[in-house]
Amino acid sequence: MKILTFTGKTPSEALKKAKMEIGDEGMLIETKEIRKKALGREALYEIVIGIENDMIQNTYQNSMKPLSKQKPLRQESKDVLFDISNAAQQIAKISTVTNDPLAEYMSPAVVQQVAPVAEKEPKELKEIKVEINKLTDKVKIIQNMFWDEKSPAIDSPIPSEFAEIYRLASQSGMNTDHLDELMKITLEHMPFKMRENSTTVKRYFQTILRKMVAIKQEPTLAIGSKKVIMLVGPTGVGKTTSIAKLAARYSFLLQKKYKVGLVVLDTYRIGAVEQLMQFARMMKLGIETVVDPPEFTSALEALRYCDYILIDTMGSSPYDKGKIEKIYECLSTNKTEYNVEVALVMPSSIKYEDLKSTYDNFSSLGVDSLMFTKLDETRGFGNIFSLAYETKKPISYFSVGQEVPEDLVCASSDFLVDCLLNGFNRSKT
């Protein structure tokens, strides 16, 4: 018999190295910690594998097979419950030395060979095992006590496995009532077996969140049809930049290059008109300005040749009824056969209550869809979920930066859920 040794930061890592080299044919003789974990230094474990001489050649021949055909190791992921569970995770790593987690990676024949070795476990190792189990139990008790104090006061008690997902959603700015309602729905429909593991809890909650948000798919225009989109919203949310991004997208980035025209209602700000005029010249787009509501129909008629007509409106405070009414007058004087889709543009960086107040004040315009800007300037996305859930309005686009036209992405529930749980990642746009 030939004796081989393999090392790793954990016994599982060492065993993985062994399996990569000799497969399942070896016999596990010993597992030991050869270097303790210390400040700035990882622990190191060594496993001793015995392999029969006549099996060595076959084993090394098999190891030359492509990695894609090798059996992958199963690795259970453990989500943390609040900050205290970092300690629990370290204990779990230590406990893998004395428990028998290696058995799940070995073939049944090897497990039978290992059993006699395990029975000869030193007395000191057994004592360590007992102390680790005691410490693990104490950490679990502390976790449960901490969760009992922080858990929401709803009818159905929320298990501690939900603590991490609840904390993430709560800190993201989601409305508390909406979050508690989601928790109730989750507890009512989630199978009990899935509740035992925080990973499956998180996966199930992701599914619930996806269903919470309605998404408006980007339209594909039929031959001869037209689309008129009016962007409305408060001052400084990025409506003019969003208009430029949409114009560039429809004109150049899609599979079919559409003819795009611009209408400017924002004559209050000379800078906004000049900015869009410059974009129109660069992209060779038709552009019309509207000073009084009766001119709105004439502007649309002048752009009849366009597939898309994008309308930029004056920014206003959500509480400035005068400007909102002027936009409403433009919509009401529309004598063309085109239906105007009203998209409310709002920044993702303000709290839910302000988003809801903005929506309520612009709702008189007949909002059809929502568009969120400045996703790169916030860490919390629960406010978006709450507004979409409350208003039942679909989300069409996300603006994730200032670059035109790159920083505009079609909305998707998967992207938004990932932002809420893992933070904004530009590489995923």
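Begin by selecting strands β2 and β3 (residues 44–51), which run antiparallel and are joined by 7 bridges; a strand here is a DSSP run of E with at least two residues, a helix is a run of H or I with at least four, and both are numbered from the N terminus. Two strands count as paired if DSSP finds at least two bridges between them. The model is predicted, so local features need pLDDT of at least 70 and side-chain atom pairs count only at pLDDT 80 or more, while totals for chains, interfaces and linings use all residues. Residues are numbered from 1 along each chain as its sequence is written, and side-chain values use heavy atoms, with hydrogens and water left out.

Next, pick Glu 33, whose bridge partner in β3 is Tyr 45.

Now add β1 to the selection, and the open sheet of 3 strands appears in the order β1-β3-β2, with antiparallel pairing. Because β1 (2–8) and β2 (27–35) stand at the edges with a single partner strand each, one side of each has no neighbour in the sheet. On average, and ignoring direction, neighbouring strands of this sheet are turned by 20° against each other.

Then select helix α1 (residues 11–22), which lies across β1, β2 and β3 and runs at about 135° to β1; axes are lines fitted to C-alpha atoms, for helices over the stretch in contact (heavy atoms within 4.5 Å), and angles run from 0 to 180 degrees between N-to-C directions.

Finally, show the whole protein, whose secondary structure comes to 15 helices and 11 strands. Among contacts between residues at least 6 apart in sequence, 72% join residues at least 24 apart.
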